[in-house]
Amino acid sequence: MGATLSRLAGRQAVLLALAALILFGALRYEHFLGWFNITTLLRYNALFALVALGMAFVIMTGGIDLSVGSVAALASVVSAHLSGAGLLPAVAGGVGAGLAVGLLNGALVTRGGLAPFVTTLATMLGASGLALLLADNQSVPVSYDTGFVEIGQGDILNFPVPAWIALLAYIGGAVLLHLTGFGRTVLAVGGNADAARLMGLPAERTVFLVYLGSGGLAGLAGVLLAAQFGAGQPIEGVGWELFAIAATVVGGTLLTGGVGSVGGTLAGVLLLGLIFNILNFENGLGTISLSVYWQSVIRGLFLLVVVLLQARLLAARIAPAS
Amino acid sequence: MLLSMRGIEKRFAGVAALSGATLEVAPGEAHALIGQNGAGKSTLIKILTGYHRCDAGTMEFDGQPLDPRSPAEAQALGISTIHQEINLVGYRSVTENICLGRESRRFGLLDWRAMHREAQAALARLGLEIDVRRPLADYTTAVQQMVAIARALGFRAKLVVMDEPTSSLDDREVAVLFDVIRRLKADGVSVVFVSHKLDELYAVCDRVTVMRDGRTVRVAPMDGITRLQLVSDMLGRDVADSEATGAAAQAARAGEEMLAIEGLHAPPRVRGASLSVRRGEIVGLAGLLGAGRSETVRVAFGADAAADAGQLRFEGRPFSPTEPREAIRAGIGFCSEDRKVESIVPEMSVRENLTLALLPHLARAGVVDEARQREVVDRFIRRLGVRCAGPEQPIRELSGGNQQKVLLARWLCMDPKLLILDEPTRGIDVGAKAEIQALIRELAEGGLAVLMVSSEVKEIVDGADRAYVMRDGRTVAELSGGRLTEDALMAAMAHGPHEAVLAEGAPHE
């Protein structure tokens, strides 16, 4: 029973921290809960949310995908180039570029038997170089004539389009994880890859698909990036993979795989996004002047605390079983 | 026959693992499969369950030719396996572990309620009622074992392969498992049962296949073969013509007691081990696989968790090492059973491997004194006759026998009082084997106490002054002098002390 309780506490910790942060902001800053702040926050963090969703599935299998930031940059460049041809070609091109890198990652990890860390480090460098080549080392302006920018800057029902897209992706992700054999196999492979194979589960196919999915979602994030900022950004995406890993882990997904949560990942993204938001407000108040670089320090500390807590929980879980 | 595997051959990197193995199982039969380590049981089972594919031979299952290319394919055909180490996913719920791979679906999505119900029903069939929503790791090993069986049955298995299913169960749990096996038999399901515990085979199996050196050497009904015959088939030594060759003289010369173990308990593998080793004496520790020999000596070296109960004395003083370094400081050396995994660092040179344990003593202010190191290495390479191109040759390029000599040297250069050798000549060719055995004898004559775990009856009879026999975690016999014969050892391994064969060799507790 103790193990179940502590697990519940672990799952809820991120939500509690999120609620505390929102309460803090609401009480301290006048415009914190204003519609403008909320939609701005969601519009921008929707990109990270998409990348983190793909990352969460990869981590649940016990892998890692370092290439997501470069893939987003590459996709933003590709979609910016194609934006003149219309919304559909631009989206398809950007997502397609992401899927292509994901396919390569998946094939190298499963068929090639390479370590995910090294594989995706290599494709991260490759995708980054490709993005710079295609962009000729500068921002690629998008076409404003085809309505492409709407998917980054527009609203539907007063709610930012990127946030709608992320919301739908997370609903889909939650269904996939909880209600399909694929989702359960993801967790089984991450929990014990050999066992999953001996149980007759399609381990290799599942791992391949999570890398493909991660690439596709990073590509989609890149498309939204280009639309939101009106340009393909070959040098964006640096550190996105670390943000995504941090959000996933803060959300209760074990870095070693086997245990994970889609909702927790979303909460993790919001939490890390809010830390940045609150720092901005704090500087606006003028009482203190914290450099934005502090956000990285605070995020880092947060991640450390969460990982320490996870290790504790894990030890508590393993003890009663023996 | 439900299953028929004939003339199965399999080579790994040119080395034959199976050469003419046969296994036939009738419907509703519990069939025992036994053999020493390396006899080929695991390989045979992995071929049956689609993990490996055989090089030659014919296989038939349920009247159809059988050639599974993956565990999934074997499972689909009705062959399920319960592995020795429970191969399920501890983080995931009991339900997932039972149902994954053939999930219930509604509108294309998982139907969790139906899956929970099914998991509960499957466990109820095995007489188990637990909360199936909780992670598997929350439950005991025995429950996990039952979950593995429930999973196997859920796939409508016609044949369930159990690879040492009882190795981590206590007596009561074993009884429950046997109940399950009997129920399976009644339902017409066949079971292949791999175990080293002879009592279990007699309790639950109908027939037995004995393997040795990659081939099937005997198939017999359980009630038509004696324990002694089984053991001698496994070991490949004829009960009738083995003769006493015990080295008795040494026993008299042995000095004061170095190590004493009394009533050691370290469940699940050790349940009452007792032995003692004196200066200048080679003591053998015999027993079948899983008898708890390695586990006992590892406790004495501080390599595994401390014991639950029992006493250890070293040089007459109470001794309970929690870390190998404590044991090393006290003067104990230990060559582990698994050279590759636990002993050698393959990319390092002979010199580095040899002086790994000595390193702290060779350093002055943290810097290794290389001149002294080289001097030590040269001395031991010469003394043990290690055949290598030079001290800088990577150890992985050496033969097994020469690697073992380097490992012996690693401990000898520490000038230990007691050397524990776990299977010192496993995987070493005949010539090198004799050399190493002679070396061990020489060391003992120099006053070293040696405790030698071996699965080879002949090695113990030829090499040891005295020997203990362990069975199911307990010391069941002590043999020395003229009573230390291959017959007596095998009889003790098969029967234990209760059979009166060895009344005079009871443990001195």
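Helices (H or I, at least four residues) and strands (E, at least two) are DSSP runs, numbered from the N terminus. The model is predicted: local features need pLDDT of at least 70, side-chain atom pairs count only at pLDDT 80 or more, and totals for chains, interfaces and linings use all residues. Side-chain values use heavy atoms, with hydrogens and water left out.

**Exercise 1. The helix H5(A)**

Task: Determine which residues of H5(A) are buried, and establish on which side of the helix they lie.

Solution.

Step 1. Helix H5 of chain A comprises the 20 residues 116-135. The expected span of a helix is 1.5 Å times one less than its number of residues. For H5(A) this gives 28 Å, in agreement with the 28 Å between its end C-alpha atoms.

Step 2. Buried means under 20% relative accessible area, exposed over 50%, and partly exposed in between (1.4 Å probe, protein chains only). In H5(A), the buried residues are A:Thr119, A:Thr120, A:Thr123, A:Ala127, A:Ala131 and A:Ala135. Because they cover an arc of only 110° around the axis, they are on the same side of H5(A). The arc is that of the directions from the helix axis to the C-beta atoms. An α-helix has 3.6 residues a turn, so residues three or four places apart point the same way.

Step 3. The exposed residues A:Val118, A:Leu125 and A:Leu133 are carried by the face of H5(A) turned away from its buried side.

Step 4. Contact means heavy atoms within 4.5 Å. The buried residues of H5(A) pack against helix H3 (68-82), helix H4 (87-110), strand E1 (140-141) and helix H10 (203-229) of chain A.

**Exercise 2. Residues with positive phi**

Task: Where are A:Asp136 and B:Glu164 placed, and is each buried or exposed?

Solution.

Step 1. A:Asp136 lies in the loop between H5 and E1 of chain A. Its phi is near 55°, a positive value in a residue other than glycine. A:Asp136 is exposed, with a relative accessible area of 57%.

Step 2. B:Glu164 is in the loop between strand E9 (159-163) and H6 of chain B. Phi of B:Glu164 is near 45°, again positive in a residue other than glycine. B:Glu164 is buried, at a relative accessible area of 13%.

**Exercise 3. The environment of A:Arg43**

Task: Which side chain makes a polar contact with the side chain of A:Arg43?

Solution.

Step 1. A:Arg43 belongs to helix H2 (residues 35-60) of chain A and is buried, with a relative accessible area of 17%.

Step 2. A polar contact is a pair of N or O atoms within 3.5 Å; within protein, one must be able to donate a hydrogen and the other to accept it, and residues adjacent in sequence count only if both atoms are side-chain atoms. The partner is the side chain of A:Asp155, at 3.0 Å.

Step 3. Beyond its neighbours within four places in sequence, A:Arg43 is in contact with residues including A:Gly152, A:Pro160 and A:Gln228.

**Exercise 4. The interface of chains A and B**

Task: How many salt bridges does the rule find across the interface of chain B and chain A?

Solution.

Step 1. In chain B, 27 residues are in contact with 30 residues of chain A.

Step 2. A salt bridge is a side-chain nitrogen of Lys or Arg within 4 Å of a carboxyl oxygen of Asp or Glu. The rule finds one across this interface. A:Arg184 forms a salt bridge with B:Glu96, the closest N and O atoms being 3.1 Å apart.

Technical notes
Residues numbered from 1 in each chain as written. Chains lettered and ligands numbered in written order.
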